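Student: Could you take me through one part of this model closely, beginning with the surroundings of the ligand and following the chain from there?

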Amino acid sequence: MANSDAEVRQRKPQASSGKEDGSKQGKSRSSKSKIDDEDVYSPWVDIARVLTFFFVASCALSYLISGGESWFWGMQNPPNYLQKSWWENYFRGPIQMTPEELAAFDGKDESKPIYLSINGTIYDVSANRRVYGPGGSYNIFAGVDASRGFVTGCFKEDRNGDMRGVEEMFLPLDDYEVDKHYTADQLRQMRAEELAAAKEKVHDALKHWVDFFAKSKKYHKVGTLKREPGWQGKRKKLCEQAGQGRTPRKLPGAE
Ligand SMILES: *[C@@H]1O[C@H](CO)[C@@H](O)[C@H](O)[C@H]1NC(C)=O
């Protein structure tokens, strides 16, 4: 009893002195929390602040100097993380698009990104608007899957993704003067081998472009093309230019 009474008495003056010096106490408490802050002070916050400041200042300066044309000092290919469309794609995930929907991304509408498709995979090529946009040398590939044109080189005629029959460009020409030196059986076998080799060449030629876009740092995948069965329509003739490299078979024994 006496013990606890003493405790109370001891506590009281302390408590009251705390109340009387309320303002002082408050001050010292806040200076203490300042010290606490300094204990956990991390230089990274300041570094991040400084870097952010320079980044924003650099963008603003670039914007002003370029007369509103560029936030990144006219950089042709700002890194992916500086591109709005890259973040949009990143969070949206791959999408499916019909050829009609894809057509709206041919660069005519400057507020939209530019898309193209290669072998049914859609890529955002906005990083090179100058080349893929209206008036650009590759604008013909924008808003479409022009895989056939990529392989035949006939950009105008072959602005489509129908690969049927393209192998013809790699087949030798039938030529009676040469072919008469072979038996019918030999010719049949040769033609089968020629066809297999030609199809492989088409695959390789297309793969070159498939890989080019897949590996590109500038362009990024958006999704895939959604095509109805029979989307190819009528079989197309090989364009003239693609057939120009064809030559007759070699004579027997010729290398
Ligand atoms: C193109 O796509 C088809 C079907 O998805 C696939 O079988 C083929 O291997 C692809 N070609 C290339 C060159 O990637």
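**The ligand shell and the adjoining hairpin**

Tutor: By class, the shell around the ligand comprises two nonpolar, three polar and one charged residues; here Ala, Val, Leu, Ile, Met, Phe, Trp, Tyr, Cys and Pro count as nonpolar, Asp, Glu, Lys and Arg as charged, and the others, Gly among them, as polar. This is a predicted model, in which local features need pLDDT of at least 70 and side-chain atom pairs count only at pLDDT 80 or more, while totals for chains, interfaces and linings use all residues. Residues are numbered from 1 along each chain as its sequence is written. The shell consists of Asn119, Gly120, His203, Leu206, Lys207 and Val210, a residue being near the molecule if its C-beta atom, placed from the backbone, lies within 6 Å of it.

Asn119 merits particular attention. It sits in the loop between β2 (115-118) and β3 (121-124); strands are DSSP runs of E of at least two residues, helices runs of H or I of at least four, numbered from the N terminus. The hairpin of β2 and β3 has two residues between the strands, and there Asn119 takes a positive phi near 45°, although it is not a glycine. Asn119 counts as partly exposed because it has 18 C-beta neighbours inside 10 Å; 20 or more would make a residue buried, and 12 or fewer exposed, with C-beta atoms placed from the backbone.

The strands of this hairpin run antiparallel and are joined by four bridges, where pairing requires at least two DSSP bridges. Within the hairpin, Ser117 stands opposite Ile122 of β3. Ile122 also stands opposite Gly223 in β4, and four bridges join β3 to β4, again in antiparallel fashion.

The strands also contribute to the largest nonpolar core, a set of buried Ala, Val, Leu, Ile, Met, Phe, Trp, Tyr and Cys residues joined through C-beta atoms within 7 Å. Of its 25 residues, Tyr115, Leu116, Tyr123 and Val125 touch the most other members. Two or more residues come from each of β2, β3, α7 (147-152) and β4 (220-225), with β2 giving the most, three residues. Beyond its neighbours within four places in sequence, Tyr123 is in contact with Tyr115, Leu116, Ile118, Phe213, Tyr219, His220, Lys221 and Val222, contact meaning C-beta atoms, placed from the backbone, within 7 Å.

Technical notes. Two residues are in contact if their C-beta atoms, placed from the backbone, lie within 7 Å.
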